[in-house]
Amino acid sequence: MSSGNAPHVPSLAVVFAGIHRGLIRLQRIPSLMLPAVLMPVFFVVAFSGSFASIVELEGYETDKAVNWMTAWAVMQGSAFSGMGAGGLAGTDLENGFFDRLRVAPTRPMALIGGLVGYCVCRALIPITAVLIVAFAFLGADMPGGALGIAMVYLSGIGMAVVMSFLVLGIVFTFKTLKSLAIAQIIMFSSMFLSVGQAPIQAIEGWLHHVAAINPITNVIRMCRQGFLGEVTWSITQPGLIALFGMMVGTGIWARIRYKKVDA
Amino acid sequence: MLNPIEATNLSRSFGDIKAVDSIDLSVSSGEVFGFLGPNGAGKSTAVRMLTTLLKPSGGSAQVAGFDVVKNPSTVRKKIGVALQDAAIDPLMTGNELLRLQCVLHGLPKRSSSVRCGELLERVGLTVAGDRRVGTYSGGMRRRLDLALSLVHEPEVLFLDEPTTGLDPTSRIALWEEVRNLNQDLGTTVFLTTQYLEEADQLAERIAIIDGGKIVREGSPSSLKSAVGAPTLRIDVSENDLPSARTVMNRFGEERPAQKNRIAIGLISGTPGITDVMNALADSGIEIQHVELDEPSLDDVFADATGRRLEGGKA
């Protein structure tokens with residue numbers, strides 16, 4: 001249903017209220033964060049150890065597997081965190097609380113913004129956890145310095161936003177938590193069909209072509225660049241463009257599918 | 001001035017199923033209006049349309065003077081809604097939910113604290129305000145749901161089956177709260193229910209909906225009296241039975257009754273009972289017991305649909 005022409009409640013206040021609510025829930029059920037923190041930490045530990053020699057292959061541009069795998073784990077953690085928006089919206093839809101939110105004179109994008117903002121806050125936890133483990137226990141390097149760290153956080157937060165929008169669109173369409181399974185499939189396939197695990201030179205056949213056009217490839221490169229060397233605009237720019245494009249696309253998708261809740 | 005709730009030919013279909021079929025509604029300011037019907041009759045669908053949560057397939061509706069499709073945001077500012085099942089986040093406390101609701105309705109932070117305190121007191125949850133809702137009883141949840149719907153002092157309050165699943169004590173407490181709201185603040189209340197007693201107790205006017213259509217509308221007393229005359233039963237001694245019968249037959253048609261009891265359909269309605277009593281006394285008849293059975297809303301429902309609201313045959 002359209003939002004009408006009456007003045008709405010200020011959106012920023014609603015966004016912050018949404019974030020606050022999400023964080024309260026997170027504080028009361030900390031286990032909600034377990035998959036989003038444990039999975040990427042497990043990834044970076046297991047992959048850095050199991051594939052320690054993989055960096056001898058052409059294209060890895062580093063002598064330590066952890067320098068390659070950390071960015072991949074950060075992306076995983078951020079994507080998992082982004083799914084939290086769908087989890088919360090799905091729970092609210094199933095128990096009817098979402099109707100209470102919708103019947104308030106707020107803009108739909110403010111409600112969506114609260115859910116996405118909550119996931120951005122969530123994403124900071126696995127990103128930080130992965131970095132701590134990578135630097136403190138696995139000996140990761142950061143030749144890119146503070147800018148490199150900033151790129152990791154920027155990419156991670158951006159991925160959480162994209163995944164939140166995507167998952168919300170799916171949950172608004174199916175109006176059930178069960179639809180998160182669809183989101184997981186999309187998340188995993190889009191992440192694995194990129195340069196997450198291997199450089200583009202090492203990927204063959206159709207996987208090579210898909211990884212080359214997959215926008216997540218550019219985001220992971222942006223995230224990873226500080227681990228491999230200096231932060232450069234030539235890597236950052238495509239990453240930012242990819243993130244922006246995905247945010248706009250998935251944001252529009254979420255907003256359009258929000259209307260489906262009315263149906 | 002336009003009534004707070006006006007609907008004309010309001011309809012909603014889901015595929016081939018007409019959940020609400022061209023209903024007309026008109027609810028006056030300050031009225032408690034009962035929307036009575038069995039499960040699946042279309043009550044909640046109608047409420048969801050009137051509260052802007054669902055787009056009508058046809059017809060139109062104005063709530064608080066604004067079209068629910070063209071001006072949903074304005075309508076939302078003026079209504080309070082407590083939907084079925086008291087859907088409240090169980091992980092949050094009553095206080096937190098009230099504060100969230102204040103933000104959603106744009107209340108300034110300073111006045112929000114005062115408002116939350118007032119509302120918790122109003123619904124008797126001051127002590128439980130800082131407890132998680134998951135620990136609340138069904139009645140407490142309903143009362144909190146009611147408080148949530150009142151934070152912005154709505155002109156029109158929609159209560160969708162507010163007492164379903166509640167124990168009798170909680171139900172009566174909630175009725176009292178709805179009455180107080182209506183009387184103290186003059187809030188117009190649109191109440192859906194499947195409970196006859198609830199509609200009878202609370203509503204000044206009732207619409208009975210069945211199969212998506214409104215089948216009867218009016219005040220509970222007018223609806224009941226339209227179904228038929230109330231039944232007056234008196235018990236007298238065996239000796240007085242013939243003369244009592246003669247007297248009572250002057251006031252209405254005799255109806256089947258047990259031994260030593262005479263029953264009539266009282267043509268003049270409940271007020272006519274005084275005349276009957278006086279006539280019996282004048283004839284020197286000693287009355288041992290008197291009963292007056294008014295037709296119930298279930299009789300009204302049965303008369304309109306051929307079914308009992310509880311599911312039995314009429």
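Student: In this predicted model, what makes strands β7 and β8 of chain B partners?

Tutor: Pairing needs at least two bridges between the strands. Here β7 (residues 156-160) and β8 (residues 188-193) of chain B are joined by five bridges and run parallel, so they count as a pair. Within β7(B) and β8(B), you can find Leu157(B) opposite Val189(B).

Student: Why are β6 and β10 of chain B called edge strands?

Tutor: Follow the order of the open six-stranded sheet in chain B, β6-β7-β8-β3-β9-β10, which has mixed pairing. β6 (79-82) and β10 (213-218) of chain B each have a single partner strand, so one side of each lacks a neighbour in the sheet. On average, neighbouring strands of this sheet are turned by 15° against each other, direction ignored.

Student: Now the helices: why is α1(A) called roughly antiparallel to α3(B)?

Tutor: Helix α1 (residues 11-28) of chain A packs against helix α3 (residues 94-104) of chain B at about 160°, their axes 9 Å apart. Angles over 145 degrees count as roughly antiparallel, and therefore α1(A) and α3(B) earn that name. Their crossing is left-handed.

Student: Which residues make that contact?

Tutor: From α1(A) come Ala13(A), Val14(A), Ala17(A), Arg21(A) and Ile24(A), and from α3(B) come Glu96(B), Leu100(B), Val103(B) and Leu104(B). By class, seven are nonpolar, none polar and two charged.

Student: Which element gives the most to the side of chain A that touches chain B?

Tutor: That is α1(A), with seven residues. The contact takes 29 residues from chain A and 28 from chain B, and chain A's side divides into 14 nonpolar, eight polar and seven charged residues.

Conventions. Residues numbered from 1 in each chain as written. Chains lettered and ligands numbered in written order. Predicted model: local features only at pLDDT ≥ 70, side-chain atom pairs only at ≥ 80, totals over all residues. Axes fitted to C-alpha atoms, helices over the stretch in contact; angles between N-to-C directions. Helix = DSSP H or I, 4+ residues; strand = E, 2+ residues; numbered from the N terminus. Parallel < 35°, antiparallel > 145°, perpendicular 65-115°, else oblique. Left-handed = near helix turned anticlockwise from the far one by under 90°. Contact = placed C-beta atoms within 7 Å. Nonpolar A, V, L, I, M, F, W, Y, C, P; charged D, E, K, R; others polar.
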